[in-house]
Amino acid sequence: SIIEYALLIPMEVIIFDPKNEYDHYRNKGVRVYKEEIEIEEQMKLLVDEMNELNNEKKTKPLLVIFDEFADAIANARSGKALKIYEDVVIGNFKDGREKTKREEVGELKPLSENWRSLSQKSRSAGFRLLAATQRASVDVINGATKINFPVQVCFYVKKKVDSIVMLDEAGAETLAGRGDGLFKSPEYLSTVRFQAFYKPD
């Protein structure tokens, strides 16, 4: 698999795993994050690290895998949940105790914004990103996303419209399943059909 290959290079691997399917890779030294808040926090740290590497003109071999990213982004915190509050001293009581007031002092960036930033600028820092989803949502898999992921792989989908969302063309709805897939890459003039390794449940 891609993960096994990355570990052979060797290359640091981080997996964002909201469906809890990759926990066994922890034993191989892979950093796996499952909880939504944990994913959001680690994504921010990755963006900070990427910006620092880019500013210093340095690179780091790192593979970032984001499984079910469309669902994770849809379920991430938004609006008021991203606001940062602190107790600010506004005076003192007669007995000397500080009088405080809880005030908004900032706002966290949403997961979608940090993920977009990472997908736009991480290649120059040496990061490689792999994103997977079973939900063909135009809100998440839009033009900006596809530009930042020039290589796209699509397996069987039930509806023609889902194939169009994923690949900008129909065809994935006619696949046979069991590893039958379509592959788009700037290296090829047209979409390529392939048969991948398939492991039954």
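## Briefing: strands, salt bridges and surface

Strands β1 and β2 (residues 31-33) run parallel to one another, paired over three bridges. This is a predicted model, and its chain holds six helices and nine strands. With a radius of gyration of 21 Å, well over the 17 Å that the globule rule gives for 201 residues, the chain is more spread out than a compact globule. A good place to start is β1, then the charged pairs around it.

**Strand β1 and its partners**

- Strand β1 covers residues 12-16, and four of its five residues are buried, so the rest of the structure largely encloses it.
- On the β2 side, Ile14 has Arg31 as its bridge partner.
- β1 also pairs with β3, again in the parallel sense, this time over five bridges.
- Look for Glu12 in that pairing: Leu62 of β3 stands opposite it.

**The salt-bridge network**

- Searching the whole structure turns up 15 salt bridges.
- As a general point, oppositely charged side chains can pair when their charged atoms come close.
- Glu12, Arg31, Glu49 and Lys60 are joined up in a network of salt bridges.
- In one of these links, the side chains of Lys60 and Glu12 meet at 3.1 Å, N to O.
- That pair connects distant parts of the chain, with Lys60 in the loop between α2 and β3 and Glu12 in strand β1, 48 residues apart.
- Lys60 also makes a salt bridge with Glu49, where the closest N and O atoms are 2.6 Å apart.
- Here the link runs from the loop between α2 and β3, home of Lys60, to helix α2, home of Glu49, and the two are eleven residues apart.
- None of this is fully hidden from view: Lys60 is partly exposed at 21% relative accessible area, Glu12 is partly exposed at 28%, and Glu49 is partly exposed at 25%.

**A separate pair: Arg193 and Asp180**

- Arg193 and Asp180 form a salt bridge, with 2.5 Å between the closest N and O atoms.
- Arg193 sits in strand β9 (residues 192-195) and Asp180 in strand β8 (residues 180-184), so this pair ties together parts that are 13 residues apart in sequence.
- Asp180 counts as buried, as its relative accessibility is 4%.

**Helix α4 and what covers it**

- Helix α4 spans residues 111-121, and its buried residues are Leu111, Asn114, Trp115, Ser117, Leu118 and Ser119.
- The cover over these buried residues includes three helices, α2 (36-55), α3 (69-75) and α5 (143-148), along with strands β3 (62-67) and β6 (127-132).

**A nonpolar patch on the surface**

- Val151, Val153 and Phe155 make up a nonpolar surface patch, and together they have about 240 Å² of accessible area.
- Val153 belongs to strand β7 (residues 152-155).
- With a relative accessible area of 40%, Val153 is partly exposed.

**The chain as a whole**

- Measure along the principal axes and the C-alpha trace spans about 75 × 40 × 35 Å.
- Buried residues make up 34% of the 201 in the chain.
- About 12,700 Å² of the chain is exposed, and carbon and sulfur atoms supply 51% of that area.
- Among contacts with a separation of 6 or more, 51% involve residues 24 or more positions apart.

Note on methods
Residues numbered from 1 in each chain as written. Predicted model: local features only at pLDDT ≥ 70, side-chain atom pairs only at ≥ 80, totals over all residues. Heavy atoms only, no water. Patch = residues over 30% accessible without salt bridge, like charges linked within 9 Å, V, L, I, M, F, W, Y side chains within 5 Å. Areas by Shrake-Rupley, 256 points an atom, 1.4 Å probe, with all protein chains shown as cover. Salt bridge = Lys/Arg side-chain N within 4 Å of Asp/Glu carboxyl O. Buried < 20%, exposed > 50% of the residue type's maximum accessible area, 1.4 Å probe, protein only. Rg over C-alpha atoms; globule rule 2.2 N^0.38 Å. Contact = heavy atoms within 4.5 Å. Pairing = 2+ DSSP bridges.
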